[in-house]
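Take a walk through this structure, one region at a time. Keep the 3D view open as you read.

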Amino acid sequence: MAIAYPHYLSSKNEPKSVEQALMVSSTQSSSSNRTHPVNSLTQDELKKIAAYKAVEFVQSGMVLGLGTGSTARHAVDRIAELMKLGKLTNIVGIPTSNVTRDQAVSLGIPLSDLDTHPIIDMSIDGADEVDPEMNLVKGRGGSLLREKMVEAASKKFIVIVDESKLVNYIGGSGLAMPVEIVPFCWKFTLKRLEMLFMEAGCVGKLRMFAGREEPFVTDNGNYIIDLYFKKDIGDLKASSDAILRLAGVVEHGMFLDMATTLIVAGELGVTRSADYHYGPLLMLKSSCFALYGAWLGGSQAYVERVFPWTSVKFIRAIVAPDNCAIKAWKYGERSFRLKPDIMLKLNSMLCNFRTISLCYLGLLMDSPADGRNQSNDFNVCDKKMVLRFSVFGVL
Ligand SMILES: O=C(CO)[C@H](O)[C@H](O)COP(=O)(O)O
């Protein structure tokens, strides 16, 4: 849902404050009021708007992953503010860095850790890059390891960014993709990392403390190698596996398939990706598709072939709803770009259509892995399946 902040933008004589801009209700319609800003907002103001929007999803009693960085900082401030006002109670924070821990302590937010709270209700954190699949680069602030641990243990992971963080592909900003490594023989590890991505023109640099001739040391006592790519590195999963296989590497800053919601603040308003995630109808539909696929084929492998983008996540969502990121509708998530509401809805309809078409195609071209339907002929049994799929498709 896109939310503009028109009353911030409209006043001729008296520009309103960011605080007032942040008070725009999420239910307010945006499209009719969308105008270009009179005054441009600064990047920090946009970060604050995204952060405040995310905090609207926090409920009393939640265990919250508290992110690190200048955007997440605003979210932590806001959570503390709402706690002081009595609007949020019984909150427990799990900080992702020593800096965030210190901030939360100074604001009086009760803290805990993953040992005590292995399942976190929601994490809110910034990112350095977000690609159209909602994969992220994080860690330019140096906290990627703890961030990944906390956010991977979160049922919902809300990413908050200003629009400058949106990229076409991971590495696309030309800025660093950080890798946390052990200090032992760091030059050796740096070379191995560069060699992995030679084709992408990768250059690695040891991160230094700003203004000091000393290597930057993470909260875990490790170093960071910043990787710069000249080209797209291609398959992110394969790249991630290759990096993690290197002895000496602790973790990298690619957060693949982890974000469940993206909130982008831009000059035209705030856009949220995840109207689809929590919609009961969508979850019901998604579950029906996944279960139906499983019933047809009798195997997850079959579901994966018929639902190439969704099945694994659906199964995860159904079988283990507490398991990290639950992404219900991949194509829905793609609509995070700054689009008016109507475009989101059209996109969603198109997704349904595409999915149903692919189901048909899958049934026509493929047969279940369990041998129930060995022939590739489009026989009577297939037709029945298509008919059943249609019913679910219409639903
Ligand atoms: O990953 C991070 C820290 O490790 C930050 O979330 C990321 O660097 C974004 O920072 P900012 O909100 O300051 O732009």
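Strand 2, helix 4 and strand 3 form a β-α-β unit, and this unit is right-handed. The model is predicted. Strand 2 covers residues 63-66 and runs parallel to strand 3, with four bridges joining the two. One pairing to pick out is G65, whose bridge partner in strand 3 is I94.

Stay on strand 3, which spans residues 92-95 and holds G93. Is G93 buried or exposed? G93 is buried, because 26 other C-beta atoms lie within 10 Å, and the cut-off for a buried residue is 20 or more. Which residues does G93 touch, beyond those up to four places away in sequence? The contacts are L64, L66, A104, I109, P110 and L111. Of these, L64 and L66 fall within strand 2, residues 63-66. P110 deserves a second look. P110 and G93 are 17 residues apart in sequence, yet their C-alpha atoms are 6.1 Å apart in space.

Now go back to helix 4, the middle piece of the β-α-β unit, and turn to the ligand. The shell around the ligand has 18 residues, and the closest are G69, S70, T71, G126 and G141. Two elements give two or more residues to this shell: helix 4 (70-84) and helix 6 (144-152). Helix 4 supplies the largest share, three residues. What is the chemical make-up of the shell around the ligand? Polar residues number 10, charged residues five and nonpolar residues three. Glycine is counted as polar here, so G69, G126 and G141, which are among the closest residues, belong to the polar group.

Helix 6 is the other element to inspect. Helix 6 is mostly covered, with seven of its nine residues buried. The buried residues are L144, L145, R146, E147, K148, V150 and E151. Note that R146, E147, K148 and E151 are on that list, and Arg, Glu and Lys count as charged.

Finish in a loop. L166 lies between strand 7 (154-162) and strand 8 (177-181). Why does L166 count as buried? L166 has 20 C-beta neighbours inside 10 Å, and a residue is buried at 20 or more, so L166 meets the cut-off. Leaving aside neighbours within four places in sequence, L166 is in contact with V130 and V264. V130 is 36 residues from L166 in sequence, but the two are 4.9 Å apart in space, C-alpha to C-alpha.

How values were computed
Residues are numbered from 1 along each chain as its sequence is written. This is a predicted model: local features need pLDDT of at least 70, side-chain atom pairs count only at pLDDT 80 or more; totals for chains, interfaces and linings use all residues. A residue is near a molecule or strand if its C-beta atom, placed from the backbone, lies within 6 Å of it. A residue is buried if 20 or more other C-beta atoms lie within 10 Å of its own, exposed if 12 or fewer, and partly exposed in between; C-beta atoms are placed from the backbone. Two residues are in contact if their C-beta atoms, placed from the backbone, lie within 7 Å. Two strands pair if DSSP finds at least two bridges between them. A crossover is right-handed if, with the strands pointing away from the viewer, the path from the first strand over the helix to the second runs clockwise.
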